[in-house]
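Grab the model and work through a few short exercises on loops and backbone geometry. Each one comes with a solution you can follow step by step.

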Amino acid sequence: MKITLLFGFLLLSFLTNAQSPINSFYIQDDAYFAVVTSNTPIDQTASGANQVWNFDQLVAVGTSNYTNAFPNAEETATFPNTSGVILSTSTTNMVTATSQLFLKDVATVISITGLRSADLELNFTSNNATLGAFPMNYGFTNTDLVAGTFSYTTYSGTFTGNIVTSVDAYGTLYRNEGGIPNSNVTRLKTVITISLNYGFFNNVGTITQTTYSYYQNAPSSVNAPLFRTSTTTALVPLASIDQTDTLMESFSAVILGTDDVSYQKKGIEIAPNPVVNRLELKSNGTVTVYSIAIVDAAGKIVLTQDMPQQFIDVSALQKGIYLVKIETNQGSMTKKILKE
């Protein structure tokens, strides 16, 4: 598993630059991102006012989406004082991964209490990673010590380090991949550095992650970063890890699906969800289905079928989240599905 996944964990005319606060660290439910690479290197070293970021060589290689939840009893016991959980599901190169970011929110001050993915668990139980109070304005900076326990595959131990949070720049963001192409943005930068301790051995390895998140200035149509990069450098000789990985995500859309209850009221059922090979579409005698269209997160129609049969073959679709749009004699309906 790539170390990147350990942390997860996050107008065509001339735009006049202006700074707006970053209102929230939470990501809007069902926000959908394209996981991207770039044909040319992305330079994010400059900070300050009136920056211009021209990311016009992005290529989509996967998808990711986020939802918010309250912690359950086990999560609250494992990560004390947790009040919210951000769930992430990403699919890249036909591989799907999930992770959970556990947060504490006290009077709008956000702290990280833990992180959990397939092979790693970070528990900031000794010293939470405090980001700061939201909204955050340009010029904000905060440094906080962190400490806790970790488990990675067969290894477990403790860690210490710090997290540095800053709203370090604002300007204009240009993207060729995403649902909102160009916008005035304010940038949030976080750098977390931890030193791992294993048994009687201190500092057996280090992990550093630098994240840049670009938030649309007010008035904003979405509560999510329009673009985000996370570069993780890990040097852990004990686990034979020596690598640097970068994850880049470009916001595409917020997917608003029709729930199962609404479908059933209208006399249509679609299952299973998640789906692997084929969907089953059922309708009662009062509903006539004219056609269906399956749309990916970029808005591209990837499958259509007129007067569909009972079963719809989706085996050729890549893993990820899709919208199923159904046209009937009683109007159109849209449902979100996950292809595994």
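Ser240 has a relative accessibility of 70%, so Ser240 counts as exposed (over 50% relative accessible area; under 20% is buried, and in between is partly exposed, with a 1.4 Å probe and protein chains only). This is a predicted model, where local features need pLDDT of at least 70, side-chain atom pairs count only at pLDDT 80 or more, and totals for chains, interfaces and linings use all residues. Residues are numbered from 1 along each chain as its sequence is written, and side-chain values use heavy atoms, leaving out hydrogens and water.

**Exercise 1.** Work out the backbone setting of Ser240.

Solution. Start with the loop: Ser240 lies between β13 (225-236) and β14 (241-254), strands being DSSP runs of E with at least two residues and helices runs of H or I with at least four, numbered from the N terminus. Next, check phi, which is near 55° for Ser240, a positive value in a non-glycine residue. Most residues other than glycine have a negative phi.

**Exercise 2.** Do likewise for Asn81.

Solution. Asn81 sits in the loop between α1 (73-78) and β4 (84-92). Its phi is positive, about 70°. Finally, Asn81 is exposed, at 55% relative accessible area.

**Exercise 3.** Find the cis peptide bond that involves Pro135.

Solution. Look at Phe134 and Pro135: the bond joining them is cis, with omega about 5°. Then place Pro135, which falls in the loop between β8 and β9 (141-152).
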